[in-house]
Structures are given as C-alpha cells and as structure tokens.
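Please open the structure in your viewer and keep the sequence panel beside it, since each stop on this tour begins with something to select. Take your time at each stop before moving on.

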Amino acid sequence: MCDNKDEHSQDDYKETNSPDGNDVSVEKGFVTEDRDGASIKPELKRLPRSQKKRLKQELATQRKKEMRKEKKQLQKQKLKEKAKEEKSKNTSEEGVILPTRKEMREEMKSKLETAMMCGQRICVDLSMENTMTTKERSKLAQQLCRLYGVNKKADVPAHVYFAGFDKNGELYQECIRKIDGFEKYQVEMTAAPVSELFDVKDVIYLTPDAEDMLEELDKDKVYIIGGIVDESIIKNLSKQKANAFNIPTARLPIDRYMKKKDQIHFSQVLAINQVFEILVTYLSSNDWRAALSRGVPERKGYIMKE
C-alpha cells in the first residue's frame, strides 16, 4: 500500500510563458501568477494551448503599440525641450527674441532674391582663365566661394555676375569639385563676355593700375572685378583687358584713406573676395574708411590714416 502524498507530482507543476512573454507559474494546468507575482484573471487561468498562443501574440502586439506610443511622447517632449532651449538661446539679455537659424536663412535667401532684381551690379570677369596655372585656378575657385559667403552675410547684398564663365572650362569644373552647392548659387553665371553682357558706357572696370580713383558707387553702373589670380603679379593685365573694349577703369581709394606702414612690401593688389567685401561694405555704410579697413589686410602694408 502506497503512502498518500500531500505534494503534487512533478507533472502537476510546470513552468511556461504568460501571454505577454513573462514567465508564469502553472499549477495543475491553471495559470496562477506571472514571474513578477502579478495575478492573472481567473477566466484566463485555464485555456487551450492554441488560445494561449493567440492571446500571447495579441498582448505582444498591444505592448508594442504602447511602447511606440511612449516613444513618440518622449520624442515630443524632447522636441519641446529643445525648442524651449533654442528660444532661450535666441533671447538677448534685454529680453528681445532673436531670430532662429531657420528664420535667418530665410531672411538671407529673401535678401539675395531682392538683390538679384534690383541690387548694385557687381561682375567678376572670368574670361582670363587661360592665363592662369592649375594652382591659380584652384585659388580663384576658393575666392569665388568666399565672395559668395560675403554676399550672403552682407547687410545690403549685391547682384553678382560671373561673366565669361565657360562651363566646359577647368575653372568651372574646379568650382564644382571644391564647392558644395556651387551650381545653386544665387549668382548670374554666363559664358557671355562683359562687353556683350552690359552696355560699355554703364561699366567701370576696377584695377589697381587705373589712373582715376573711385569716388562713390553709382547705382546705375556695373563694377567689374578682374577674375584672376596672378602669383607673378603682371602689371596692367586687367587694365589692358578693359582698354581693349574701351571700358573706363578706376581704382579703390586706398591712397586717400590709408597710408603705408613701416615695412618693405606694399601692395594694392587684392583678392577678388577682398575687393568685393570692400564694395558691399560701402553699400551698407557709405563709408570708405569702414569699407577699406574691413577689406584691406594688414599684410598689404597699409593702415588707416588718422
């Protein structure tokens, strides 16, 4: 005669997974609680295996939805905090709300679009590409990039032209290679030479070799900057180009407002982006002293007069 046992046999106790994926306790086929000790509804304690599997899938799907919802709410909260932080950064000490980066970009784009319609016309003559070496063309591409950066940030941007610009030439290909978004520049790029693009009587060619000094900027005139990097500094190159088409020339008023420092080397030959920065600074300030101090680097050997 066998002794009666109070304990259940090993088959009476099994461990399985609850419908939500957690471990559960099963006593004689009845689901009693999950691994965390949470009780399960009585009507779910005894279910066929197929129903348990289906229920497990449904609850898992529901849990995924809840997790996605929680994730979205967390992302929204982070965006709110970021916007609040951005607003705090864009508030001055006086409590004035400053424009956001997006607003600044939109304003900059709007100013450039306005300049393209009615801004002061400044043209870079790029028809002398064949006189430059590969290294000089590479430097010129960098200067064009800096010029555009100056115009974007200018209080009063100019209507910029790149004339005599051959899209099949090495300079254009170098610009594409070195400058991201070059083709989207808000600049009029054309292969037409200056002499065909504008009426000659409306053009003034800027060159340090000119006899006449530039007094002011005339809204109706087009100011030409010779698009050339000449490391050997051949004199009268841009002046000869202007004379060939009977275009008047002028030089920046450096001698009037600046004087030579105590050094050996002096030069009024500036990079095209430096000449351009002087012009657009004058457009917004109407002050040659402010414009020249902004655009003429000290290494050129000039300082402002008292």
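The tour goes from the whole chain to the core, then to the pocket, and ends at a few loops.

**The whole protein**

Begin with everything shown as a cartoon, and keep in mind that this is a predicted model. As you turn the protein, you can look for nine helices and 11 strands. Of its 306 residues, 36% count as buried, and if you switch on a surface, the exposed area is about 20300 Å², of which carbon and sulfur atoms supply 47%. Among the contacts in the protein with a separation of 6 or more, 69% are between residues 24 or more positions apart.

**The nonpolar core**

Next, select F162, L206, L214, L252, F276, L279 and W288, and show their side chains; in the largest nonpolar core, which has 60 residues, these touch the most other members. Now colour the elements that give two or more residues to this core, among them β4 (121-125), α3 (134-153), β5 (159-163), β7 (203-206) and α8 (272-285). Which of the elements gives the largest share of this core? It is α8, from which seven residues come.

Stay with L252 for a moment, and leave aside its neighbours within four places in sequence. The residues in contact with L252 are then M213, L214, L270, V275, I278, L279 and W288.

One step back along the chain is R251, which sits in the loop between β9 (249-250) and α7 (254-257). Is R251 buried or exposed? R251 is buried, because its relative accessible area of 17% falls under the 20% cut-off. Beyond its neighbours within four places in sequence, R251 is in contact with T207, P208, A210, E211, D212, M213 and L214.

**The largest pocket**

Select I228, V269, L270, A271 and K300 now, since these lie nearest the centre of the largest pocket, which is lined by 35 residues. The volume of this pocket is about 930 Å³. If you colour the lining by residue kind, you should find 16 nonpolar, 10 polar and nine charged residues. Four elements, α3, β8, α6 (237-244) and α8, each supply at least two residues of the lining, and α8 gives the most, with four residues.

**The loop before α3**

Move to M132, in the loop between β4 and α3. With a relative accessible area of 6%, M132 is under the 20% cut-off and is therefore buried. Not counting residues up to four places away in sequence, M132 touches R137, L140, G227, I228 and V229. Draw a distance from the C-alpha of M132 to the C-alpha of D230, and it should read 7.0 Å, although the two are 98 residues apart in sequence.

**Two asparagines in loops**

For the last stop, select N246 and N286 together. Most residues other than glycine have a negative phi. N246, however, has a positive phi of about 55° although it is not a glycine, and N286 likewise has a positive phi of about 55°. N246 lies in the loop between α6 and β9, while N286 is found in the loop between α8 and α9. N246 counts as exposed because its relative accessible area, 65%, is over 50%. N286 also counts as exposed, because its value of 57% is over that cut-off.

Definitions and conventions
Residues are numbered from 1 along each chain as its sequence is written. This is a predicted model: local features need pLDDT of at least 70, side-chain atom pairs count only at pLDDT 80 or more; totals for chains, interfaces and linings use all residues. Side-chain values use heavy atoms; hydrogens and water are left out. A nonpolar core is a set of buried Ala, Val, Leu, Ile, Met, Phe, Trp, Tyr and Cys residues joined through side-chain atoms within 4.5 Å. Buried means under 20% relative accessible area, exposed over 50%, partly exposed in between (1.4 Å probe, protein chains only). Contact means heavy atoms within 4.5 Å. Accessible areas come from the Shrake-Rupley method with a 1.4 Å probe; for residues, only the protein chains shown count as cover. On a 1 Å grid over the protein atoms alone, a cavity is a set of points where a 1.4 Å probe fits but cannot get out, and a pocket is an open set with protein on both sides within 12 Å along at least five of seven lines; lining residues have an atom within 4 Å of a point. Grid points are joined across faces, edges and corners, and a volume is the space filled by probe spheres set on the points. Ala, Val, Leu, Ile, Met, Phe, Trp, Tyr, Cys and Pro count as nonpolar, Asp, Glu, Lys and Arg as charged, and the others, Gly among them, as polar.
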